[in-house]
Amino acid sequence: MTQDDMPGTVRGLLRALDRASLATNLPGEPAAWPYASLVLVAVDHDLSPILLLSDMAEHTKAIKADDRVSLLFDGTGGLDQPLTGPRATVLGRAGRTADERLKARFLARHPDAALYAGFKDFGFYRVAVERAHLVGGFGKIRWIDRAELAPPQAAGLAEGEAGIVEHMNADHADAVQLYAAKLIGLAGDGWRMTGIDSEGIDLRRAGKVGRLAFDVPLQASGEARKVLVALVGKARAMT
């Protein structure tokens, strides 16, 4: 890892994980104490974390009093020496959102959440990222501001994402399975695509997720088909 690719490391880490540790500031007793909790997370095209929170949860009460939050994304799972692995703390401001596209992206990532997402005491929140602190291992530490973190944007992809994902899962499930098994090395059948952004695709099977990064970021939604077809050819060549 070089200093130049550390922003890309943060983006890859956020997109590869489906949960994070959320830190907020408690508004009541014990006042002003940091409070950490586990949350499910999806990440939007612009790298904004999306959360689904209960109004009764302590972290939601804290956000309503002080919208400043931190999210720790831990990529050290499975390592013999966890401190050699990457983890990123993202700082931002959380606000409730009624954006249907953000809701859909979260529920595609976490389909089981649809069971309670419509309850009156649950709401979706978007975290506007301001900066991140990456620890990529010993001596690989750096603060990264929002401008550096910003991912490349593919014109029309956010709007066309749902259609692409639905098409791949309905008509090309075999291709999605090849991505998982051959290009990422994931075990098991039944992998589904949950999202596509300019830098890669997200997959899920039951409680496990996978991330397949593109060699070159997409510039427009129209490029997605060509790249997805090429990835199938690459996967089949490995059989």
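Four exercises on a predicted model follow, each with a worked solution.

**Exercise 1. Overall fold**

Determine how the radius of gyration of the chain stands against the globule rule.

*Solution.*
- Start with the secondary structure: the chain holds seven helices and eleven strands.
- Take the radius of gyration, which is 18 Å.
- The globule rule gives 18 Å for 239 residues, so the chain is as compact as a globular protein of that length.
- Add the extents: the C-alpha trace spans about 60 × 45 × 35 Å along its principal axes.
- Then look at contacts with a separation of 6 or more: 62% of them join residues 24 or more positions apart.

**Exercise 2. Surface and charge**

Find what share of the residues is buried, what share of the accessible surface belongs to carbon and sulfur atoms, and how far apart the mean positions of the positive and negative charges are.

*Solution.*
- Of the 239 residues in the chain, 44% are buried.
- The accessible surface is about 12100 Å². Carbon and sulfur atoms account for 56% of that surface.
- The chain carries 29 positive and 30 negative charges. Their mean positions lie 2 Å apart.

**Exercise 3. Aromatic pairs**

Classify the pair F106 and F124 by geometry, then do likewise for Y116 and F122.

*Solution.*
- A search of the whole structure gives three aromatic pairs.
- For F106 and F124, the ring centres are 5.7 Å apart and the planes stand at 75°. An angle over 60 degrees counts as edge-to-face, so this pair is edge-to-face.
- Place the two residues: F106 sits in helix α3 (residues 100–109) and F124 in strand β7 (residues 122–135). The pair therefore ties together parts 18 residues apart in sequence.
- Check burial against the cut-off of under 20% relative accessible area. F106 has 1% and is buried. F124 has 5% and is buried.
- Y116 and F122 have a centre-to-centre distance of 5.0 Å and 45° between their planes, and this pair is tilted.
- Y116 is partly exposed, at 28% relative accessibility.
- Y116 and F122 also belong to one aromatic cluster with F119.

**Exercise 4. The segment after α7**

Work out whether M238 is buried, partly exposed or exposed, and which residues contact M238 beyond its neighbours within four places in sequence.

*Solution.*
- Locate M238: this residue lies in the segment after α7 (224–236).
- Its relative accessible area is 47%, so M238 is partly exposed.
- Leaving aside neighbours within four places, M238 contacts K182 and L183.
- For a C-alpha distance, take L178: M238 and L178 are 60 residues apart along the chain, with their C-alpha atoms separated by 9.8 Å.

Technical notes
Residues are numbered from 1 along each chain as its sequence is written. This is a predicted model: local features need pLDDT of at least 70, side-chain atom pairs count only at pLDDT 80 or more; totals for chains, interfaces and linings use all residues. Side-chain values use heavy atoms; hydrogens and water are left out. Helices (H or I, at least four residues) and strands (E, at least two) are DSSP runs, numbered from the N terminus. The radius of gyration is taken over C-alpha atoms; the globule rule is 2.2 Å times the number of residues to the power 0.38. Buried means under 20% relative accessible area, exposed over 50%, partly exposed in between (1.4 Å probe, protein chains only). Contact means heavy atoms within 4.5 Å. Accessible areas come from the Shrake-Rupley method with a 1.4 Å probe; for residues, only the protein chains shown count as cover. Lys and Arg count as positive and Asp and Glu as negative; His and the chain ends are not counted. The place of a charge is taken as NZ of Lys, CZ of Arg, CG of Asp or CD of Glu. Rings of Phe, Tyr and Trp (its six-membered ring) pair if their centres lie within 6.5 Å; planes under 30 degrees apart count as stacked, over 60 as edge-to-face and the rest as tilted.
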